[in-house]
Amino acid sequence: MTAVGWTLVLLPAVMLASGFPIYVVLLGTASVTLVLFTDVPVIALHQSLFGAVESFALLAIPFFIFAGELMARASIAKRIVALVDEGTGPVRGKIGYTTIATTTLFGAISGSAPATVATVGRLMLPTLRGSNYPDHVSAGLLTSAGTIGVLIPPSIPLIVYGVAANESVPRLFAAGILPGLVVAVMMAALVAVQTRVYGISDGRRFESKNFFQAATKGAFALLPAAIILGGIYGGVFSPTEAAGVACIASIAVGWLIYRDLTSYDIMKCAERTAFLTAQLMIIVAAAGVFSWVLTINQIPQNVADWLVSADLSLFVLLLLVNLALLVLGAFLDPIAAILIVTPLLAPVLAAAGVDLVHLGIIMTLNLAIGLLTPPFGLSLFVAQGALDMPMRVILRGVLPVLLVQLSALAIVTYLPELSTALPSFLFANPNN
């Protein structure tokens, strides 16, 4: 390995171990490499820094965050929980299934796994406890079910991947639906096993009166999701436009219809959105510079040449990619990880015949699982604060879920049709 290669590997590792923020690690490494090993003027770093965030698709991120914050502060999440709860029949594990369905729906609306964990966790934990679910089982469901929302559109990681890989965001959104449902179904199977192991019987008779009452109260709660998905797949909006309209719909539903969202709440949501957007965008900008430095030093090409010379089968190549992403996801924020590895992996796997839309789903699911993996899994720490449980209890509950989600990852990886069938059906024109 050359001096440039060692610098790009060792310097980030040392800085991360020293506790530097990820954006400082990326920007610092890129700056050192640029100064020591290239003749490129330093001003190019500034141009690359701002160029990395100069994308129309990235405008969707603050809009989706704002919409999620509005729905979390209003009663929209509560009404979705009530609707799903009343719609579930008299089955063992009813509350567990309700938890999975609710996190899937709310994750689809908010586009953020940690936000889903925090919001739905506070709502569902008392109900799970009241139905005699052990704390570790409840913690496992609430901590990990939020990862489904990273795949179900709208998904902020998929937007970022679309920008990094120059792929269509609507196609990526469509690609995430079936894999997300696969994870949800396998999580439901885990609930079925756990309720029998722990003797939980929490089903109750379906009451059409209660269901229609919940549907009446919660119908408008689904309006933002209907606008996002219907607008994008109906060809009415781009993802960015749909996100903006969803913000307006969330304000209208929470402020004018349900009347539990005040002007003060809206301002606090805007403040929170600005803070989270700044956190994300500084990572996007720094990772853009880092990726640019990798490219001008021909690191992606060298990695591709090495893999070609190794003559690996596609099965082994995908296995190695999954293992690398799982390790990376345990240490890095998903957004940073996507921006760093996409320039490395996309050309290699495209040359091996992997659809880049499929790669986006593989990468996103891997990094969603990383949110549950020590030492830096963000959902673990969000759950610890939201559920007020010891980390050992949360980890005990998350372990069986990790096994289930790793199994789902294997299915999604080696059955590419799960990721490519729906985009091909909805977007016959590849330029869509």
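The exercises below, each with a worked solution, concern a predicted model.

**Exercise 1. The nonpolar core**

Identify the residues that touch the most other members of the largest nonpolar core, name the helix that gives the most to this core, and list the contacts of Met 363 beyond its neighbours within four places in sequence.

Solution. Begin with the core itself, which holds 120 residues, and in which Ile 61, Leu 359 and Met 363 touch the most other members. Next, turn to the helices: α15, spanning residues 263-296, gives the most to this core, with 13 residues. Finally, take Met 363 and set aside its neighbours within four places in sequence; the residues then found in contact with Met 363 are Tyr 161, Leu 325, Ile 338, Val 341, Thr 342 and Leu 345.

**Exercise 2. The salt bridges**

Find how many salt bridges the whole structure contains, and describe for the pair Glu 69 and Arg 272 which helices are tied together.

Solution. A search of the whole structure gives three salt bridges. In the pair formed by Glu 69 and Arg 272, the closest N and O atoms are 3.9 Å apart, which falls within the 4 Å cut-off for a salt bridge. Glu 69 belongs to helix α4 (residues 60-73) and Arg 272 to helix α15, so this pair ties together parts that are 203 residues apart in sequence. To judge the surroundings of the two partners, compare their relative accessible areas with the cut-off of under 20% for buried residues: Glu 69, at 19%, is buried, whereas Arg 272, at 39%, is partly exposed.

The pair Lys 268 and Glu 271 has an N to O distance of 3.5 Å. Both residues lie in helix α15, three residues apart, and are therefore separated by about one helical turn. Lys 268 is partly exposed at 28% relative accessible area, and Glu 271 is partly exposed at 49%.

There is also a salt bridge between the side chains of Asp 135 and Arg 129, with 2.9 Å from N to O. Here Asp 135 is partly exposed, at 33% relative accessibility, and Arg 129 is partly exposed as well, at 40%.

**Exercise 3. The two sides of helix α3**

Determine which residues of helix α3 (residues 43-51) are buried, why they can be said to line one face of the helix, and what covers them.

Solution. First collect the buried residues of α3, which are Ala 44, Leu 45 and Ser 48. Then look down the axis of α3: the buried residues fall within an arc of 105°, and therefore line one face of the helix. As a check, examine the other side of α3, where Ile 43, Gln 47 and Phe 50 are exposed. The cover over the buried residues of α3 includes α2 (22-37) and α15.

**Exercise 4. Leu 16 and a surface patch**

Locate Leu 16 and state its contacts beyond four places in sequence; then name the residues that make the nonpolar surface patch of about 480 Å².

Solution. Leu 16 sits in helix α1, which covers residues 3-17, and with 33% relative accessibility Leu 16 counts as partly exposed. Once its neighbours within four places in sequence are left aside, Leu 16 is in contact with Ile 22, Val 25 and Leu 332. For the patch, the residues are Leu 312, Phe 315, Val 316, Leu 319, Leu 320 and Leu 323; one of them, Phe 315, lies in helix α17 (residues 314-329).

Key:
Residues are numbered from 1 along each chain as its sequence is written. This is a predicted model: local features need pLDDT of at least 70, side-chain atom pairs count only at pLDDT 80 or more; totals for chains, interfaces and linings use all residues. Side-chain values use heavy atoms; hydrogens and water are left out. A nonpolar core is a set of buried Ala, Val, Leu, Ile, Met, Phe, Trp, Tyr and Cys residues joined through side-chain atoms within 4.5 Å. Buried means under 20% relative accessible area, exposed over 50%, partly exposed in between (1.4 Å probe, protein chains only). Contact means heavy atoms within 4.5 Å. Patches are made of residues with over 30% relative accessible area and no salt bridge: like charges are joined within 9 Å, nonpolar side chains (Val, Leu, Ile, Met, Phe, Trp, Tyr) within 5 Å. Accessible areas come from the Shrake-Rupley method with a 1.4 Å probe; for residues, only the protein chains shown count as cover. The arc is that of the directions from the helix axis to the C-beta atoms.
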